Amino acid sequence: MSTTTSSTPTTTPPFTELAASLRGELITPGDAGYDDARAVYNAMIDRRPAAIARCANAADVVACVRFAREQHVELAIRGGGHNAGGLGVWDDALVIDLSGMRGTTVSPADRTVRVDGGCTWSDVDHATVPFGVATPSGFIASTGVGGLTLGGGIGYLTRRFGLTVDNLLSADVVLADGTLVTASERSHPDLFWALRGGGGNFGVVTSFQFACHEIGDHGTVVGGPVLYDLEDTPDVMRWYRELLPSLPEELNGWIGLLTIPPAPPFPEELWGRKACGIIWCYTGDPGKADAVLEPIRAFGNPLLVGVGEMPFTALQSAFDALYPAGLQWYWRADFVREISDEAVDIHLEFGRRLPTGHSTMHMYPIDGAATRVAEDGTAFAYRDGGWAGVIVGVDPDPANAEVITDWAKQYWEALHPTTAGGAYVNFMMSEGEDRVRASYLGNYDRLAQVKAKYDPDNLFHVNQNIRPAARSEQ
């Protein structure tokens, strides 16, 4: 009996039909631009999806979701492409790529901004800050709005105005059955609750509406780094852990261990030096800035005090050039309720062992306004103060992937017993169901019930996945 073989066309008939239905572009293996289209921020991720749909509008997203469900095709959702584990792409999946949906609409009168699902935070800041307002976001402007928001949203404005999800007013969502709904406090409130921290488990958000707030002097804030010698880390961390909760909420500062970049504006004599740094951001009354910042400027013997007036957009984008897309990344993370003396010693030990110039450790405060939301008020559960800690091994060279990974793992394993357990899902690699469950505390079971209602077959599972509750649990 003879067998015949035939080559599979680049675009199979079902994908041909999907492509014909889209206003946007469908890219498949063999097409020009396929490798660029499948690349994500973390170059350690190298996955080959079956097709990438660069959606032009919500109707394109609806068509893709229905196609994936009907054809039993894996589905991945890509917003800004920054996800730590590279979960915006997946082998043999249909990728819904929202990056072509980048519109923003500001309403100065009611201080809101409507944001398409493919926007980055630079798009949002560009739209809002000229009006002297902003909505809480993160720390790197090239980060996607969708991923950061759905995971919670911790950033420079958290102490004063809460998390990004605390400022989310509504979201347009394509559900697993292909319908488009608006989720808010009044419409689908259970879904709205789950979207505020539950990640990409419940649908594809095609647009967000956020509340905005006045910041600084019509968008000009006082911010920047204060850097200390690495060996001063114990004194700096002990001072910082006591000082931060006492500061006015208009002032925020995250702390990290880093290597001073070998480039301006840093003085050449500091290039390549390991340091402990705090990046400050004051968004309050400019006339009170000097008094508020006095204890910051007075402490210790800093190598550099780089705090000054700047547009909020400048602070938000200050690290974009240092961390462009295409570096190798390995992430480990935990929530931290207190910076113990034991933890301080561990930080100093692994700070001394920073393996590359880009590798770093950061702790971002969850304080002030963020703690005035109940643990079960949104899906994001860690509301009792502390920090979101992250350890990242980073380097441009793939040859150093093992080195940066080993350092991050060893650091995390040493530090983990001093932490609160679960992690900010935006900082997690693919770490398993137990880690996801720990990251939601008592909210996990409720999230599983919402998942069962809106995505009972777990179509949206290429994420920090929350499995649908079994029928007996609903």
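**Helices, sheets and a salt bridge**

Biologist: Thr-233, Pro-234, Met-237, Arg-238 and Arg-241 in α8 meet which residues in α11?
Modeller: Let's pin down two words. Helices here are DSSP runs of H or I with at least four residues, strands are runs of E with at least two, and both are numbered from the N terminus. Contact means heavy atoms within 4.5 Å. With that, the α8 residues you list meet Asp-341, Val-344, Asp-345, His-347 and Leu-348.

Biologist: What kind of model are we looking at?
Modeller: Residues are numbered from 1 along each chain as its sequence is written, and side-chain values use heavy atoms, leaving out hydrogens and water. Local features need pLDDT of at least 70, side-chain atom pairs count only at pLDDT 80 or more, and totals for chains, interfaces and linings use all residues, as this is a predicted model.

Biologist: How is α8 placed against α11: parallel, antiparallel, perpendicular or oblique?
Modeller: Their axes (lines fitted to C-alpha atoms over the stretch in contact, with angles from 0 to 180 degrees between N-to-C directions) come within 9 Å and cross at roughly 140 degrees. Under 35 degrees counts as roughly parallel, over 145 as roughly antiparallel, 65 to 115 as roughly perpendicular and the rest as oblique. So α8 against α11 is oblique.

Biologist: Is the crossing of α8 and α11 left-handed or right-handed?
Modeller: Look at how the near helix is turned from the far one by less than a right angle: anticlockwise is left-handed, clockwise is right-handed. The crossing of α8 and α11 is right-handed.

Biologist: Which strands are at the edges of the sheet β1-β2-β4-β3?
Modeller: Strands pair if DSSP finds at least two bridges between them. This open sheet has four strands with mixed pairing. The ones that pair on one side only are β1 (25–27) and β3 (75–78).

Biologist: In β10, what is the bridge partner of Thr-112?
Modeller: Here we move to the open antiparallel sheet β5-β6-β10-β8-β9. In it, β6 (residues 112–116) and β10 (residues 204–211) pair over five bridges. Thr-112 has as its partner Ala-211.

Biologist: Asp-166 and Arg-383 form a salt bridge, so how many residues apart in sequence are the parts that the pair ties together?
Modeller: A salt bridge is a side-chain nitrogen of Lys or Arg within 4 Å of a carboxyl oxygen of Asp or Glu. For Asp-166 and Arg-383, the closest N and O atoms are 2.7 Å apart. Asp-166 lies in the loop between α6 and β8, and Arg-383 in the loop between β18 and β19, so the parts tied together are apart in sequence by 217 residues.
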